[in-house]
Amino acid sequence: MSRDWRLNARDRGDASPVAGVYARIYDVIRQIPPGRVATYGQIAAIEGHCTARMVGYALAALEQDGVPWQRVINGQGRVSARSGGGGTSRQRLKLMEEGVRFDPRGRVDFGIFGWEGPDFGWIRDHDMFAAPLPWTADR
């Protein structure tokens, strides 16, 4: 795989470079195991060519099965509200079914449920980036 995500999008016949980035975002999200969560920013850092907001746009545009979208939450440890309303209860329920617990303020403890990212072999094989864990940085 080329390190230039724009070439990857064209090589696959995608309509735009954005489609290639979205595919890479979905690839990263597929690595999050049940019972773990990641932040939008963490996914963006691993993908390496997008922002946390673009991860949100990719999830809003998701039309395929097999991407565990519910495992991506905001940096505060909360489920983000959807632009069209709804969805937050469904996401929270799906996470709880996987064993993720929320505190009384609706937050997930990243120390318990946070995903540490894909292994380095996967990162290397998919031309992604190792990213620091967002919840370990001093705030």
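Two rings of Phe, Tyr or Trp count as a pair here if their centres lie within 6.5 Å, and planes that are neither under 30 degrees apart nor over 60 are called tilted. Applied to this predicted model, that rule turns up 1 aromatic pair. The partners are Tyr-22 and Tyr-26, with 6.4 Å from centre to centre and 55° between the planes, which makes the pair tilted. Both tyrosines belong to helix α2 (residues 17–29), and because they sit 4 residues apart there, about one helical turn separates them. An α-helix has 3.6 residues a turn, so residues three or four places apart point the same way. As for exposure, Tyr-22 is buried at a relative accessible area of 17%, and Tyr-26 is buried too, at 6%.

Another ring contact involves a charge: Arg-92 lies over the face of Phe-102, 4.3 Å from the ring centre.

Next come two helices and their burial patterns. Helix α3 (residues 40–47) has 6 of its 8 residues buried, so the rest of the structure largely encloses it. Those buried positions are Tyr-40, Gln-42, Ile-43, Ala-44, Ile-46 and Glu-47. Right after α3 comes Gly-48, with a positive phi near 90°.

Helix α4 (residues 52–60) buries Met-54, Val-55, Ala-58 and Leu-59. Looking down the α4 axis, these buried residues fall within an arc of 145°, so they line one face of the helix. Turned away from that buried side is a face of α4 carrying Arg-53 and Ala-60, both exposed.

Methods. Residues are numbered from 1 along each chain as its sequence is written. This is a predicted model: local features need pLDDT of at least 70, side-chain atom pairs count only at pLDDT 80 or more; totals for chains, interfaces and linings use all residues. Side-chain values use heavy atoms; hydrogens and water are left out. Buried means under 20% relative accessible area, exposed over 50%, partly exposed in between (1.4 Å probe, protein chains only). Rings of Phe, Tyr and Trp (its six-membered ring) pair if their centres lie within 6.5 Å; planes under 30 degrees apart count as stacked, over 60 as edge-to-face and the rest as tilted. A charge sits over a ring if NZ of Lys or CZ of Arg is within 6 Å of the ring centre and within 35 degrees of the ring normal. The arc is that of the directions from the helix axis to the C-beta atoms.
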